[in-house]
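Hi everyone, thanks for coming along. I'd like to walk you through a structure that will be new to most of you, so let's put it up on the screen.

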Amino acid sequence: MPENEQIDSKYDPRKRRSIEKLKPHEGSSFKKIIAIISGKGGVGKSLVTSLLAVTLLNQGHEVSIMDADITGPSIAKTFGRDNYTCLGDKDGIFPAKTDRGITLISSNNLLDDPKTPIVWRGSLISSLVSQMFTEIVYGEKEYLLIDMPPGTGDVPLTVFQQLPIDAAIVVSSPQELVSEVVTKSINMAKMMNVNLLGIVENMAYVQCPHCGEKIDVFGNVSSSDLSKQTGLPILDEIPIDPSITKLVDEGRIEEYQKDYLKKAAKAILDL
Ligand SMILES: Nc1ncnc2c1ncn2[C@@H]1O[C@H](COP(=O)(O)OP(=O)(O)O)[C@@H](O)[C@H]1O
Ligand SMILES: [Mg+2]
C-alpha cells in the first residue's frame with residue numbers, strides 16, 4: 001500500500017482497540033469484572049474461579065460468576081445448581097442463586113437437560129457468551145468473575161474485546177508443557193491490553209497427611225520460571241487437596257473455608 005494512502009478507519013488495526021464495550025443488563029451492576037484465564041484445560045480455572053468467589057464471599061463481598069466455558073461448563077455443578085433451568089421474562093433471564101447468595105450462570109442452566117452437549121460453531125458460542133453478560137439479571141454485585149474456556153479462540157477474543165473487564169488472573173500448574181501453553185494466553189491478554197494481576201499455581205504440591213511434608217508431584221518444575229518469563233507475580237499456590245475435590249464433586253464448594261487464595265483476593269480488592 002502506498003505510504004500515505006488513507007486507511008478506512010474501520011479496517012485500521014490501530015483503531016481496533018476502540019471497539020465499544022457491551023453493557024451488562026440494567027438489572028446487573030458490578031464494581032469490578034475479573035476473568036480467570038489459562039491456555040490449558042484441566043489446570044483448575046473453574047476451581048480457582050469458584051474458590052476465589054467463596055474467598056471474596058467469606059470476606060463479606062457480593063459476587064456473581066459467569067461460566068464462559070460453554071462446551072465444558074462446570075460452575076453450576078460445583079455450586080450444586082446443575083439442575084436449575086433459568087427462567088426469563090421479557091426483561092431478562094434470571095441466573096441460579098446459591099444458598100449464600102452468589103448469582104451464577106453456566107450453559108447447563110439454559111438447557112432442559114444438563115447432559116445435552118452444545119454442538120455449535122465458534123461464532124454462535126461467542127454470541128451466547130455476550131448474551132450471558134447483557135441479558136442475565138445478576139443483581140447489584142461487587143465482583144463478576146468470568147470462568148474462561150481454555151485456549152486463545154473465539155470466546156477469549158470476545159471477552160477481551162467486548163466485555164468491560166478490569167483484570168485477569170492466570171491459572172497454571174507446575175508442568176513445562178502447561179507453562180508453554182499458558183504463556184500463549186498470557187501473551188494474548190497482553191496483546192489485548194488486559195490488566196494481568198498475576199498467576200495462581202494450582203496443584204503446586206501435595207502435603208503428606210502424616211508428617212506435613214510438601215511433595216512436588218510433578219517433579220521440580222519451578223513456577224518462578226513462568227513468572228520470570230512473563231513478568232507476572234505468583235500470587236498463590238494451591239495444593240492438590242482431596243477435600244476440595246470432594247466439595248466440587250458434591251456441589252458444596254460454598255462450604256470451603258481454607259484460604260489458599262489470600263493474595264489473589266487481595267489483588268482483586270486492591271483494584
Ligand atoms: N488443587 C486441586 N485439588 C484437588 N482437585 C483439584 C484441584 N484443582 C483441580 N481439581 C479438580 O480437577 C478437575 C479439573 O479442574 P477444573 O477447575 O475443572 O479445570 P479447568 O477449568 O482448568 O478445566 C476438577 O474435577 C477439579 O475439581
Ligand atoms: Mg473449567
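At what angle do the axes of helix α1 and helix α8 cross? Before I answer, please keep in mind that what you see is a predicted model. Now, find helix α1, residues 45-58, and then helix α8, residues 262-269. Their axes cross at roughly 70° and come within 10 Å. An angle from 65 to 115 degrees counts as roughly perpendicular, so that is what we call α1 relative to α8. The crossing, as α1 passes α8, is right-handed.

Who touches whom here? On the α1 side we have Leu52, Thr55 and Leu56, and they meet Ala264, Ala265, Ile268 and Leu269 of α8. Sorted by type, the residues of this contact come out as 6 nonpolar, 1 polar and no charged.

Let's move on to our second pair. Helix α3 covers residues 122-134 and helix α4 covers residues 154-162. Here the axes are 9 Å apart, and the helices pack at an angle of about 40°. That angle makes α3 oblique to α4. The handedness of this crossing is right-handed.

If you'd like to pick out the residues, α3 brings Gly122, Ser123, Ile125, Ser126, Val129 and Ser130. Facing them in α4 are Asp154, Val155, Thr158, Val159 and Gln162. What is the make-up of the contact of α3 with α4? It divides into 4 nonpolar, 6 polar and 1 charged.

The third pair is helix α5, residues 176-191, with helix α6, residues 223-230. These axes cross at roughly 30° and come within 11 Å. Angles under 35 degrees count as roughly parallel, and therefore α5 is roughly parallel to α6. α5 passes α6 in a right-handed crossing. From α5, the contact uses Ser179, Val182, Thr183, Ile186 and Lys190, while α6 supplies Leu226, Gln229 and Thr230. By type, that gives 3 nonpolar, 4 polar and 1 charged.

Finally, let's turn to the ligand. Which residues come nearest to ligand 1? There are 15 residues around ligand 1, and the nearest are Gly42, Lys45, Leu47, Asn202 and Pro239.

We can zoom in on a few atoms there. Lysine 45 has a polar side-chain atom 2.8 Å from an oxygen atom of ligand 1. Serine 46 also places a polar side-chain atom 2.8 Å from an oxygen atom of the ligand. With leucine 47, a polar backbone atom is the partner, 2.8 Å from an oxygen atom of ligand 1.

And there's a nice link back to where we began: helix α1 spans residues 45-58, and the lysine with that ligand contact is residue 45. Thanks for listening!

Definitions and conventions
Residues numbered from 1 in each chain as written. Chains lettered and ligands numbered in written order. Predicted model: local features only at pLDDT ≥ 70, side-chain atom pairs only at ≥ 80, totals over all residues. Heavy atoms only, no water. Axes fitted to C-alpha atoms, helices over the stretch in contact; angles between N-to-C directions. Helix = DSSP H or I, 4+ residues; strand = E, 2+ residues; numbered from the N terminus. Parallel < 35°, antiparallel > 145°, perpendicular 65-115°, else oblique. Left-handed = near helix turned anticlockwise from the far one by under 90°. Contact = heavy atoms within 4.5 Å. Nonpolar A, V, L, I, M, F, W, Y, C, P; charged D, E, K, R; others polar. Near = heavy atom within 4 Å. Polar contact = N/O pair within 3.5 Å; in protein donor to acceptor, adjacent residues only side chain to side chain.
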